[in-house]
Amino acid sequence: MATSMTQISQADLRDDLGSPVPLTGPARRVVSLVPSLTEAIAATALDVLVGATDWCTHPADLAVARVRGTKNPDRHAIEALAPDLVVANKEENRELDVRRLREAGIAVWVTDIESVPQALASMERLVTQALGVPVPLWLERVRRAWQAPVPRTRGCVAVPIWRDPWMVVGRSTFTGDLLLRAGLGNVFGGADGRYPHVEVEAIDEAGADLMLLPDEPYAFTASDGPEAFARTPTRLVDGRLLTWYGPSLVHSREMLDQLASELTAA
């Protein structure tokens with residue numbers, strides 16, 4: 001049974017980083033500073049969302065106030081919305097903005113997610129404790145989609161996330177964990193750093209079976225990205241399915257399983 005807000009005392013309510021979140025009841029006015037959290041909250045309790053960043057694109061018809069970006073949120077606009085809670089992420093948002101929001105008397109819940117199990121646990125705590133609602137159907141679907149044991153490696157990929165300078169997905173990342181759990185090795189999984197800078201020639205010669213080029217954070221396209229790789233086949237993919245940890249994780253499983261099956265059959 002899902003934990004309800006009434007079962008959590010104010011003193012016990014803490015975010016993923018262990019910071020206290022001073023809520024006295026379920027949050028009913030929420031501003032999200034993370035696109036994936038926006039998608040998750042909208043799919044869980046749409047009516048509580050009053051603000052989101054300009055980058056929060058799902059659901060496409062989300063009608064809430066916009067508070068600029070993840071790295072430069074408009075704190076005055078956020079304060080004007082009088083939220084009960086602002087949700088943020090350790091990686092995507094700046095500690096400075098979180099601190100200043102808290103100094104302004106606004107409760108902030110910061111998530112810290114580097115794996116699928118962490119995503120499941122973090123999302124469940126956020127919705128059941130901070131929002132005070134039961135575990136949503138989408139979260140149960142995600143749990144079922146990713147509950148299978150990690151399969152044997154069915155191919156190796158590289159995932160550039162930026163160019164000029166070129167950067168790739170490295171170790172200890174949510175994307176890397178997704179790939180692993182779908183049976184796809186990350187050729188830069190042992191690199192020094194989570195998103196190391198790597199020369200494009202070195203990426204091309206790293207031994208990947210396939211280069212995955214997402215449309216975020218850098219928007220790789222058919223004419224911007226594939227031409228840089230002479231040795232490794234490339235595939236344009238929806239970046240949301242590699243980096244978001246909400247309802248899209250069901251579709252992530254489907255997409256990665258399809259890729260792994262193709263590499264196995266090749």
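**Exercise 1. Work out how helices α4 and α6 are arranged in this predicted model, and which residues bring them together.**

*Solution.* Start with the geometry. Two packed helices are described by the angle between their axes and the distance between the axes. Here, the axes of α4 (residues 116-130) and α6 (residues 174-181) come within 9 Å, crossing at roughly 115°. Angles of 65 to 115 degrees count as roughly perpendicular, and that makes α4 roughly perpendicular to α6.

Next, look at who touches whom. On the α4 side you'll find V116, P117 and A119, and they meet F174, D177, L178 and R181 of α6. Sort these by class and the contact has five nonpolar and two charged residues, with no polar ones.

**Exercise 2. Is α6 largely enclosed or not, and what does it pack against?**

*Solution.* Go through the helix residue by residue, taking buried as under 20% relative accessible area. F174, T175, G176, D177, L178 and L179 pass that test. That's six of the eight residues of α6, so the helix is largely enclosed by the rest of the structure.

Now for the neighbours. The buried residues of α6 pack against α4, strands β6 (156-158), β9 (185-186) and β10 (210-214), plus α8 (240-243) and α9 (249-265). Just keep going past the helix and you reach G183, with a positive phi near 85°.

**Exercise 3. Describe the largest pocket: its volume, its lining and the elements that contribute to it.**

*Solution.* First the volume, which is about 920 Å³. Then the walls: 28 residues line the pocket, and K71, E91, E92, E216 and P217 lie nearest its centre. The elements giving two or more residues to that lining are β7 (160-162) and, here again, α6. Finally, split the lining by class and you get 12 nonpolar, seven polar and nine charged residues.

**Exercise 4. Place T70 and A88 in the fold, decide whether each is buried or exposed, and list their contacts beyond four places in sequence.**

*Solution.* Take T70 first. It sits in the loop between β3 (65-66) and α2 (75-80). Its relative accessible area is 12%, so T70 is buried. Its contacts are L33, P35, T53, W55, E92 and N93.

On to A88, which belongs to strand β4 (residues 85-89). With a relative accessible area of 0%, A88 is buried too. A88 touches V34, L37, N93, V98, V108, W109, V110 and T111. As a last step, check a distance: the C-alpha atoms of A88 and G190 are 28 Å apart, with these positions 102 residues apart along the chain.

How values were computed:
Residues numbered from 1 in each chain as written. Predicted model: local features only at pLDDT ≥ 70, side-chain atom pairs only at ≥ 80, totals over all residues. Heavy atoms only, no water. Axes fitted to C-alpha atoms, helices over the stretch in contact; angles between N-to-C directions. Parallel < 35°, antiparallel > 145°, perpendicular 65-115°, else oblique. Contact = heavy atoms within 4.5 Å. Nonpolar A, V, L, I, M, F, W, Y, C, P; charged D, E, K, R; others polar. 1 Å grid on protein atoms, 1.4 Å probe; cavity = no way out; pocket = protein on both sides within 12 Å on 5 of 7 lines; lining within 4 Å. Points joined across faces, edges and corners; volume = space filled by probe spheres on them. Buried < 20%, exposed > 50% of the residue type's maximum accessible area, 1.4 Å probe, protein only.
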